[in-house]
Amino acid sequence: MIGDEIYEFCGVLWPINRSITGEGVRTSLEKIQSLVPELQIRSIKSGSQVFDWVVPKEWMIREAWIKDPSGKVICDFKRNNLHVVGYSVPVNKKMLLSELDAHLFSLREIPDAVPYVTSYYEENWGFCISHNERLALQDGEYEVFIDSALFDGSLNFGEIYFQGDTHHEVFLSTYICHPSMANNELSGVAVLTFIAKYLAELTHRKYSYRIVFVPETIGSIAYLSQNIETMKANIFAGFNLTCIGDDRSYSYLPSRNGNTYSDKLVQHVLRHLDKDYKSYSWNDRGSDERQYCAPGIDLPVASIMRTKYGEYQEYHTSYDTLGGVVTASGLAGGYNAVRQVLTIIERNQIPIVDILGEPQMGRRDLYPALSKQKMNTQLRNMMNVISYSDGTNTLLEIAEKCNIPAWEVLPIIEQLASHDVVKTKSAFVTKCEDN
Amino acid sequence: MIGDEIYEFCGVLWPINRSITGEGVRTSLEKIQSLVPELQIRSIKSGSQVFDWVVPKEWMIREAWIKDPSGKVICDFKRNNLHVVGYSVPVNKKMLLSELDAHLFSLREIPDAVPYVTSYYEENWGFCISHNERLALQDGEYEVFIDSALFDGSLNFGEIYFQGDTHHEVFLSTYICHPSMANNELSGVAVLTFIAKYLAELTHRKYSYRIVFVPETIGSIAYLSQNIETMKANIFAGFNLTCIGDDRSYSYLPSRNGNTYSDKLVQHVLRHLDKDYKSYSWNDRGSDERQYCAPGIDLPVASIMRTKYGEYQEYHTSYDTLGGVVTASGLAGGYNAVRQVLTIIERNQIPIVDILGEPQMGRRDLYPALSKQKMNTQLRNMMNVISYSDGTNTLLEIAEKCNIPAWEVLPIIEQLASHDVVKTKSAFVTKCEDN
Amino acid sequence: MIGDEIYEFCGVLWPINRSITGEGVRTSLEKIQSLVPELQIRSIKSGSQVFDWVVPKEWMIREAWIKDPSGKVICDFKRNNLHVVGYSVPVNKKMLLSELDAHLFSLREIPDAVPYVTSYYEENWGFCISHNERLALQDGEYEVFIDSALFDGSLNFGEIYFQGDTHHEVFLSTYICHPSMANNELSGVAVLTFIAKYLAELTHRKYSYRIVFVPETIGSIAYLSQNIETMKANIFAGFNLTCIGDDRSYSYLPSRNGNTYSDKLVQHVLRHLDKDYKSYSWNDRGSDERQYCAPGIDLPVASIMRTKYGEYQEYHTSYDTLGGVVTASGLAGGYNAVRQVLTIIERNQIPIVDILGEPQMGRRDLYPALSKQKMNTQLRNMMNVISYSDGTNTLLEIAEKCNIPAWEVLPIIEQLASHDVVKTKSAFVTKCEDN
């Protein structure tokens with residue numbers, strides 16, 4: 001059900017032509033705003049220095065196509081916005097196929113797919129075309145037309161801040177700059193929108209939440225350059241959401257540190273959702289954790305994914321579609337993984353049993369009166385939870401030691417607390433000390 | 001030979017009807033006393049508060065049986081004390097099979113075995129019967145008779161304290177509350193009795209020894225509640241002996257900490273007795289280590305077992321017999337494992353070679369004069385022992401690093417000491433610091 | 001090419017009859033001196049106390065042979081210096097085969113090889129013979145002649161000291177005491193000679209180098225006894241070179257500590273030269289690391305080998321020959337491994353990127369302008385190096401984290417430094433703190 005809602009929202013965002021700047025980003029952010037009014041749309045002027053980078057000019061595009069020697073229109077941007085290389089400069093010119101060829105991009109390995117190509121920081125123009133279509137091109141004169149513009153405008157991103165009981169923050173990020181890419185973009189945007197909606201509707205938040213929708217790389221760098229001090233002071237856990245909408249696998253990519261609270265949370269949740277979840281190394285990175293975990297920034301940001309970018313054949317091609325890669329149940333699975341992570345954060349606590357020796361469960365109606373051949377699993381878990389409730393272990397650590405998911409430990413702690421077997425301490429357990 | 005003696009003593013204890021309280025426990029303790037006069041028989045009154053628990057009433061039973069509709073006596077306590085559910089209240093009543101059925105216990109999976117069932121903390125009565133016998137029961141009126149009593153009496157346990165050169169204590173515990181269970185009770189009682197006998201006969205003890213024979217759970221809780229301060233102050237190593245009389249495997253269950261001196265000792269000894277010994281996790285626990293290692297108690301108690309409770313088919317049934325499960329060689333193996341652990345504790349030491357460079361073994365007649373193609377194993381071990389005798393490693397650590405059992409390292413250290421190659425320091429090496 | 005030069009030098013040393021003392025050692029050292037004039041030839045008098053040992057008498061031998069009953073000369077020292085047991089006392093006697101037999105040494109397992117046997121510390125005499133030749137000996141009277149002498153002379157060794165910018169020293173050792181053993185002696189001597197030559201020719205050395213050619217065991221003990229204070233104060237990395245000339249495998253034997261900078265260096269280099277390199281344990285030791293890492297000496301000395309002593313069939317027999325075991329390419333591989341280790345030591349450094357967020361590689365011409373389907377390996381490595389250049393990681397640690405050899409990291413750091421992306425700190429990175 002939640003999967004269907006998220007899937008539907010992907011459909012709303014799909015036709016909008018996004019790039020790292022421009023109208024498409026703004027329109028997309030407005031769509032998110034319609035679901036989560038707390039979203040603020042921010043902008044930074046072209047030419048602004050952000051760390052080592054300069055915010056590029058804004059790009060707009062109205063039309064782009066090629067006419068082949070017979071006058072047939074191919075690579076029409078209107079039919080598929082992947083046909084034009086992102087940030088293409090204007091062109092209006094006739095040329096022979098031999099000249100055009102240097103501006104064509106196709107994939108020999110997936111000959112019917114249109115690849116996704118951009119040229120943000122070097123002025124260029126080009127068209128993306130299926131390899132089979134390219135092979136069929138006839139010699140002769142081609143008319144090439146790109147009605148685009150690069151001008152001093154701005155870079156936009158969306159930001160949400162939910163205040164909690166404490167200034168300690170959880171950070172959530174996804175990127176919003178790819179046109180018509182379902183898993184490698186919209187899944188992250190849509191899942192994070194619904195996570196934001198969920199957080200907005202919580203009656204109570206122990207922690208504060210900082211959520212951003214940024215153009216990849218330049219957007220996260222720009223955002224960091226404006227907020228680094230606050231972020232370093234407050235963020236104790238953070239997650240990058242990307243490629244989180246297919247139903248093929250669950251994947252985790254660590255923070256640079258590799259051993260932060262965020263890393264432990266993601267590994268715990270994914271392991272219990274899918275014992276075969278894939279665990280990558282920092283050396284496999286490729287999204288905004290590159291910025292969030294860079295030397296000197298060092299935020300505790302781990303990535304939660306279904307099938308990682310670059311690890312599925314449709315990645316960065318016209319085949320990365322809703323239905324083709326992304327499914328409602330895939331999105332629901334990704335959403336659920338993030339929800340479980342956030343639940344553990346909000347509900348993390350340190351239970352303490354201050355009875356010496358095992359509590360007598362029988363007189364509390366927690367223990368079968370007749371001894372059994374084997375303790376059943378439920379009782380076993382309960383006794384294990386008690387055994388680790390020595391005041392040194394958090395919910396997450398107890399779950400790890402009991403080898404059961406934290407969401408099964410929580411009701412046990414509640415039941416034990418209601419029978420006065422355990423008390424819980426520490427309103428705020430951020431485990432910052434591990435970072 | 002030692003196995004035969006221990007086996008014989010099991011036979012002495014076998015017919016005595018034990019429960020967590022009552023005459024059977026006292027008689028059993030007296031039998032131990034006849035071998036180890038240092039044993040003190042202690043008692044705690046019914047109704048005493050011990051931590052979270054209350055010492056239950058004492059149970060006595062004289063007779064128990066069922067007469068079937070044809071007048072035939074079945075489930076006769078006199079023939080097999082497992083037939084009556086432990087702590088059954090008195091009953092003297094006629095009833096139809098349908099009513100009786102709720103008080104019958106049998107095992108579908110082992111249809112000819114009588115299970116072992118108790119109901120210590122909820123008043124009830126019942127009979128245990130083989131599943132095949134139960135299936136053959138005819139409809140009709142049954143006469144049920146249990147001549148038992150629950151009354152204000154006491155809970156008993158046995159305690160031995162052997163004074164050593166230091167107040168640092170080794171703790172040894174087993175439980176004494178099961179009727180007619182060979183491996184899951186008598187093996188522990190009998191092996192520990194002979195270990196106590198061995199310790200009593202030692203001409204010299206470096207450490208003190210605290211040995212208890214307690215009814216499981218309530219007994220260890222009661223004992224802890226009376227002795228916790230002294231125990232926490234003095235015990236640096238402890239072992240729970242259970243299911244230590246079969247010849248099928250060796251097993252270890254860790255302390256809650258998992259990394260205490262006791263854990264290292266048991267793992268070292270069992271690994272060298274049987275490289276395939278089974279290592280369990282704290283989550284698999286089920287005996288008095290549950291109390292000894294509970295939060296706030298935290299004694300360094302590891303379990304030494306042959307085949308663990310719950311892991312052999314005959315466990316908690318009439319099939320757990322002398323001969324059927326427990327054997328003389330099984331008991332000898334268990335006894336030997338404990339002896340080796342205690343020997344390492346008593347003989348633990350830190351040898352130091354204060355010669356710089358390798359000692360010249362040849363002129364000490366410790367080295368073959370002609371160089372050999374390959375150093376033989378014995379010389380290799382000796383050179384390795386020297387190499388680790390740098391003043392930082394104990395006997396146990398050297399044995400681990402040389403990858404040979406400590407009982408092979410000891411004679412090497414003796415030989416080296418007699419040739420003035422090593423000196424040993426530290427009369428008392430308790431390695432408490434690891435706990 | 002370097003392999004051929006080293007191989008040729010082995011040939012120069014091959015015919016010289018070496019033992020732990022005597023003319024053969026001095027002549028061999030003079031041959032090294034002819035290539036590395038910095039070599040100093042040192043001597044210690046017979047009878048000197050060196051730690052637990054006494055420097056033995058000097059041994060000289062002119063002639064040794066046996067005449068069989070038919071008058072045929074066998075076991076002629078002139079034909080093969082392995083025929084006489086090292087340190088044999090003079091003998092000139094006729095005896096029956098039955099008496100002679102106790103003085104003959106042969107190898108049943110390799111019946112055509114002559115074994116290598118010595119008797120340094122117990123006066124004896126003997127001959128080594130192939131097992132097949134021994135079996136063919138006829139009964140009768142044999143004439144045995146050894147023209148040798150044991151006298152108060154000296155023990156010799158070679159020492160080179162190269163001054164660097166700092167007193168921190170790298171230590172390199174090999175042994176020089178075996179006659180006619182190609183891999184288990186000459187490979188180490190010859191490779192270390194060419195390593196010394198390389199160091200001599202360096203225009204600049206950051207660190208100082210202490211290089212010794214010592215008779216095994218007694219030589220390293222003698223050297224240590226004279227230099228232990230200076231060595232402990234200055235040596236931060238050290239390597240024992242032995243059996244480093246065959247082409248069958250690469251091997252590493254750790255220091256006693258096992259985790260020193262030297263250990264990490266050897267493991268890193270060998271892993272990247274040969275992912276199947278063999279890693280031994282300290283318990284497998286058998287060369288001068290026994291002295292260098294003995295308790296109280298504890299120098300950080302790891303062994304670099306091709307196929308370890310005792311692990312190839314020809315070891316300590318007449319089959320350990322140039323050509324038979326040692327090859328030019330085997331020597332070149334060993335030389336190269338040592339060179340790489342020394343290069344990492346000299347070039348070790350801590351690069352720091354002080355740009356926040358990822359540097360913009362594109363405007364530095366370090367990044368492909370068009371986004372690619374997958375980052376290529378080269379760029380990936382560069383980004384990884386940047387990512388670990390946070391001021392806490394050395395060259396070696398970065399190489400380990402990037403999972404590429406340090407010699408591929410070095411040019412990347414150079415390129416990044418030339419584009420002002422990283423700076424490097426710490427002229428001297430000895431990582432002594434790990435030892």
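**Figure 1. Salt bridges between chain C and chain A in the predicted model.** Four salt bridges are counted between chain C and chain A in this predicted model. One pairing across the two chains is that of Glu358(C) with Arg290(A), whose side chains form a salt bridge at 2.8 Å, N to O. Chain C contributes 24 residues to the contact and chain A contributes 28 residues. Together the two chains bury about 2300 Å², with 44% of this area on carbon and sulfur atoms. A turn of 120° and a shift of 0.2 Å along the axis lay chain C on chain A with an RMSD of 0.1 Å.

**Figure 2. The interface of chain B and chain C.** In this contact, 24 residues of chain B meet 28 residues of chain C. The buried area amounts to about 2300 Å², and carbon and sulfur atoms give 43% of it. Four salt bridges are found across the interface of chain B and chain C. Asp390(B) and Arg256(C) are joined by a side-chain salt bridge of 2.8 Å, N to O. Chain B can be superposed on chain C by a turn of 120° with a shift of 0.0 Å along the axis, the RMSD being 0.1 Å. The two copies are therefore related as by a three-fold rotation axis.

**Figure 3. The four-stranded open sheet of chain C.** The strands follow the order β5-β4-β9-β6 (chain C), and their pairing is antiparallel. At the edges stand β5 (73-74) and β6 (91-96) of chain C, each of which pairs on one side only. Six bridges hold β6(C) and β9 (residues 141-151) of chain C in antiparallel register. Within this pair of strands, Lys94(C) lies opposite Glu143(C) of β9(C).

**Figure 4. Strand β4 of chain A and its partners.** Strand β4 (residues 58-67) of chain A runs antiparallel to β9 (residues 141-151) of chain A, with nine bridges between them. Trp59(A) has Leu150(A) in β9(A) as its bridge partner. Strand β4(A) is also joined by two bridges to β5 (residues 73-74) of chain A, again in an antiparallel arrangement. Here Ile66(A) faces Ile74(A) in β5(A). Five residues lie between the strands of the hairpin formed by β4(A) and β5(A), and Gly71(A) in this hairpin adopts a positive phi near 90°.

**Figure 5. The eight-stranded open sheet of chain B.** The sheet has mixed pairing and the strand order β1-β10-β12-β11-β13-β16-β14-β15 (chain B). Strands β1 (40-45) and β15 (278-279) of chain B occupy the edges with a single partner strand each, so one side of each has no neighbour in the sheet. Strands β11 (residues 169-175) and β13 (residues 235-241) of chain B are parallel and share five bridges. Ser173(B) is placed opposite Asn240(B) of β13(B).

**Figure 6. Helix α9 of chain A.** Helix α9 of chain A covers residues 328-347, and at 1.5 Å a residue its 20 residues should span 28 Å. The end C-alpha atoms are 28 Å apart, in agreement with that expectation. Of the 20 residues of α9(A), 14 are buried, so the helix is largely enclosed by the rest of the structure.

**Figure 7. Salt bridges within the chains.** The whole structure holds 63 salt bridges over all chains. In chain A, the side chains of Arg134(A) and Asp101(A) form a salt bridge of 3.2 Å, N to O. This pair links distant parts of the chain, 33 residues apart: Arg134(A) lies in helix α4 (residues 131-135), and Asp101(A) in the loop between α3 (97-100) and β7 (104-105) of chain A. Asp101(A) is partly exposed, at 34% relative accessibility. A further group in chain A, consisting of Arg42(A), Glu159(A), Glu169(A) and Arg210(A), is linked in a network of salt bridges.

**Figure 8. A salt bridge between two loops of chain B.** Arg306(B) and Asp247(B) form a salt bridge in which the closest N and O atoms are 3.0 Å apart. Arg306(B) belongs to the loop between β16 (301-305) and α9 (328-347) of chain B, and Asp247(B) to the loop between β13 and β14 (251-253) of chain B, so the pair ties together parts 59 residues apart in sequence. Arg306(B) is buried, with a relative accessible area of 3%, whereas Asp247(B) is partly exposed, at 43%.

**Figure 9. A salt bridge within helix α5 of chain C.** Glu201(C) and Lys197(C) form a salt bridge, with 3.4 Å between the closest N and O atoms. The two residues are four apart in helix α5 (residues 182-201) of chain C, and therefore about one helical turn separates them. Glu201(C) is exposed, at 55% relative accessibility, and Lys197(C) is partly exposed, with a relative accessible area of 21%.

Key. Residues numbered from 1 in each chain as written. Chains lettered and ligands numbered in written order. Predicted model: local features only at pLDDT ≥ 70, side-chain atom pairs only at ≥ 80, totals over all residues. Heavy atoms only, no water. Least-squares fit on C-alpha atoms with pLDDT ≥ 70 in both. Pairing = 2+ DSSP bridges. Expected span 1.5 Å × (residues − 1). Buried < 20%, exposed > 50% of the residue type's maximum accessible area, 1.4 Å probe, protein only. Contact = heavy atoms within 4.5 Å. Buried area = accessible area lost by both parts, 1.4 Å probe.
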